[in-house]
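Q: Please take one part of this model and go over it closely, setting it in its surroundings as you go. I would like the terms explained with their cut-offs, since I shall be checking each statement against the display.

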Amino acid sequence: MIRAAGVSVRLGEREVLSEVDLLVSRGQWLAVIGPNGAGKSTLLKAIMGIVGHSGSLLVADAPAAALKPRARARLLAYAPQAPALPPDMTVFDYALLGRTPYIPYFGRDSRHDRDVVGAVLERLDLGDFASRRVGSLSGGERQRVVLARALAQEAPILVLDEPTTALDLGHQQQVLELVDRLRRADGLTVVTTLHDLTVAGQYADALLLLARGQAVAHGSPAQVLTETLVGRHFDAQVKVEPGPDGRPVVHLVRGEVRGERP
Ligand SMILES: Nc1ncnc2c1ncn2[C@@H]1O[C@H](COP(=O)(O)OP(=O)(O)OP(=O)(O)O)[C@@H](O)[C@H]1O
């Protein structure tokens, strides 16, 4: 579904992504992990055609950069990390923007479009918020509304940049389980950045570890979430143990912080 070979991105004077290779098959969930500034959001933006790149980046066999907006929107739904939201728009109308690629030019939304949006809002616990102004929402509510817009798009590839950062534990689980159910039921392909390494290992079937713009590890959660790789690239002291389902659980190890006296 997504195939990258030697993808590099230059922003200003800096190369922030260097020679990244990637393969995400249909129905797969790839989590892009890595320390702050590693290039995770930039990789997602390259897939979305928002930033230019060199190298080959194919989405459903078409060059990502050459997709026309409407074709792209039918193929890829994107929830950015912190989008600017129109504060006076209602939650329902904002989520309805996800249906734009299906609404004819000079046409208007159909009953089906409104039903899809209503169902997505319900599934994200936002049914009671439909007529609320976006500007009046809490951070976590806003994040779910951005996700609602992406899900209303019903695209076969979901690209989610840190979809759970502002969410409480229950809503994190609800969102991730919903994405996983859609993936299993409809064969959605999912690419997401996630800072919580344990959560990334629990939900994704493949992880890509980026560090300083380079892909330093790519494989199953057990292959990537090792004490050596996480310790080295996040500059952290961690212990990794298998959880109840056998997937790795990453714990921080308390100890002396460098430069601090006991
Ligand atoms: N327009 C720009 N010009 C120059 N450098 C930029 C520009 N935009 C982003 N960068 C830099 O590119 C690097 C990668 O940024 P990116 O947002 O992809 O990182 P990230 O891995 O998603 O980080 P985080 O975990 O903090 O969200 C960062 O060092 C950032 O400062």
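A: Helices here are DSSP runs of H or I of at least four residues and strands are runs of E of at least two, both numbered from the N terminus. Residues are counted from 1 along each chain as its sequence is written. The model is predicted, and local features need pLDDT of at least 70, side-chain atom pairs count only at pLDDT 80 or more, while totals for chains, interfaces and linings use all residues.

I begin with the surroundings of the ligand, where a residue is near if its C-beta atom, placed from the backbone, lies within 6 Å. The ligand is surrounded by L11, G12, R14, V16, G34, N36, G37, A38, G39, K40, S41 and T42. Both β2 (14-24) and α1 (40-47) supply at least two residues of this shell, and α1 gives the largest share, 3 residues. By type, the shell divides into 3 nonpolar, 7 polar and 2 charged residues, where Ala, Val, Leu, Ile, Met, Phe, Trp, Tyr, Cys and Pro count as nonpolar, Asp, Glu, Lys and Arg as charged, and the others, Gly among them, as polar.

Strand β2 also belongs to an open sheet of 4 strands, ordered β2-β1-β4-β5 with antiparallel pairing; two strands pair if DSSP finds at least two bridges between them. Because β2 and β5 (62-63) stand at the edges with a single partner strand each, one side of each is left without a neighbour in the sheet. At the β5 edge, strand β4 (residues 54-59) pairs with β5 in the antiparallel sense over 2 bridges, and V59 has A62 in β5 as its bridge partner.

Turning to the interior, the largest nonpolar core has 74 residues, and those with the most contacts inside it are I47, A95, A148, L158, V159 and L207. Such a core is a set of buried Ala, Val, Leu, Ile, Met, Phe, Trp, Tyr and Cys residues joined through C-beta atoms within 7 Å, and a residue is buried if 20 or more other C-beta atoms lie within 10 Å of its own, exposed if 12 or fewer, and partly exposed in between, with C-beta atoms placed from the backbone. Helix α5 (residues 139-152) supplies the largest share of this core, 7 residues.

Finally, R212 is found in the loop between β9 (206-211) and β10 (214-219), and R212 counts as partly exposed because it has 15 C-beta neighbours inside 10 Å.
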